[in-house]
Amino acid sequence: MAKKHKHEEHVNHERWVISFADMMTLLFALFVVLYAMGVQDLEKLRQLKQSIQFAFAFEGDGKTDDIGTFHQVTGAGDAPLPAPLLNAQLGPMQEFLEETLVDFQQVVGKSLEIDMVNDAIKAKAPLLDFFEPGQAFPLREEVMQWLGRAIEGSVEFASDLHVRIDAVETVIGRTATGAPVTSADLCWQRLCTLEAAIRANPQVRDGMVGVEFRRQKQSARSAADWEHAATVTLSFSNARADGR
């Protein structure tokens, strides 16, 4: 009986092509990302960040580990612009962020300082963007119109609307009887003006709006020019879904 001859396997000298192709693919992806990061287009950067977060989602639901964190990127104004995260309220909140809040820069020439925690959006701006110096009424006309649009957009997802003024408390005048008038007195009047403007929207229900005055740390410089250091913070939260 003839013996069967075992044919020797030929060595595949082209296996390196597969590894080389994988390496080139990864390098291509790396350079695309580096190029995108180098392009000064904030909208593309936001889209890139959102895509990367979705690609590295956990539990397959398109969310990320840093839900509740709102990172900042430098914008065209004097304050950071937001890089929106995926959120349970992505539709209404993203539209609110990208359209309504961005409009503020066109109104006053400055960007809002925006922060996001869970399902709450906080937008902070200088107090003098809203009021004339020393005046509690009315709101600046252009800001009044923007605030109306902001409230209209926020009621799509928010059940709590909160307004806070941060300022130092210092004597700014005297009444006819000689009693001191403080910056806190003026700020509370301004808070009432802001609350009335918010409640003018028929979709804003009782109990949705809250106002607060918070004292800033006082210094000699801040006391002399307190209005320029004072800020307004508008908070839009959907913490109570049953309130919408």
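Let's start with how helices α5 and α6 sit against each other: they are oblique, because their angle of about 55° falls outside the classes for roughly parallel (under 35 degrees), roughly antiparallel (over 145) and roughly perpendicular (65 to 115), and the rest count as oblique. The axes of α5 and α6 are 9 Å apart. For these angles, axes are lines fitted to C-alpha atoms, for helices over the stretch in contact, and the values run from 0 to 180 degrees between N-to-C directions. The crossing of α5 and α6 is right-handed, meaning that the near helix is turned clockwise from the far one by less than a right angle.

Before I go on, a word about the source. This is a predicted model, in which local features need pLDDT of at least 70 and side-chain atom pairs count only at pLDDT 80 or more, while totals for chains, interfaces and linings use all residues. Residues are numbered from 1 along each chain as its sequence is written, and side-chain values use heavy atoms, with hydrogens and water left out.

Which residues meet where α5 and α6 pack? From α5 come Met144, Leu147 and Ile151, and from α6 come Leu194, Ala197 and Ile198; contact here means heavy atoms within 4.5 Å. The residues of this contact divide into 6 nonpolar, no polar and no charged. In that scheme Ala, Val, Leu, Ile, Met, Phe, Trp, Tyr, Cys and Pro are nonpolar, Asp, Glu, Lys and Arg are charged, and the others, Gly among them, are polar.

Now let's zoom out to the chain. It has 8 helices and 9 strands; these are DSSP runs numbered from the N terminus, with helices (H or I) of at least four residues and strands (E) of at least two. Of the 244 residues, 36% are buried, and I'll use that word for under 20% relative accessible area, exposed for over 50%, and partly exposed for in between, with a 1.4 Å probe and protein chains only. Among contacts with a separation of 6 or more, 68% are between residues 24 or more positions apart.

On to the sheet. It is open, with 5 strands in the order β3-β4-β9-β5-β8 and mixed pairing, where two strands pair if DSSP finds at least two bridges between them. Why is one side of β3 and of β8 left without a neighbour in the sheet? Because β3 (113-117) and β8 (209-215) stand at the edges, each with a single partner strand. Neighbouring strands of this sheet are turned by 20° against each other on average, direction ignored.

Have a look at β5, residues 160-167. It runs parallel to β8, with 7 bridges joining the two, and antiparallel to β9, again through 7 bridges. On the β8 side, Leu161 has Val209 as its bridge partner, and Asp166 stands opposite Arg214. On the β9 side, Arg164 is partnered with Thr233. Strand β5 is mostly covered, with 6 of its 8 residues buried.

How do our two helices relate to this sheet? Helix α5 (residues 141-154) lies across β5 and β9 (231-237), running at about 25° to β9. Helix α6 (residues 183-199) packs on the sheet too, touching β5, β8 and β9, and its direction makes about 160° with that of β8.

Let me pick out three residues, starting with Thr233 in β9. Is Thr233 buried or exposed? It is buried, at a relative accessible area of 5%. Leaving aside neighbours within four places in sequence, its contacts include His162, Val163, Arg164 and Asp166, along with Lys122, Ala123 and Lys124.

Next is Ile172, in strand β6 (residues 171-174). At 39% relative accessibility, Ile172 is partly exposed. Beyond residues up to four places away in sequence, it touches Val181, Thr182, Ser183, Leu186 and Trp226. Leu186 is 14 residues from Ile172 along the chain, and their C-alpha atoms are separated by 9.0 Å.

Last comes Phe137, in the loop between β4 (120-126) and α5. Phe137 is exposed, with 62% relative accessibility. Outside residues up to four places away in sequence, Phe137 touches Phe131 and Thr193. Cys192 is 55 residues from Phe137 in sequence, and the two are 9.4 Å apart in space, C-alpha to C-alpha. And here's one to find on your screens: the peptide bond joining Phe137 and Pro138 is cis, with omega about -5°. Pro138 lies in the loop between β4 and α5.
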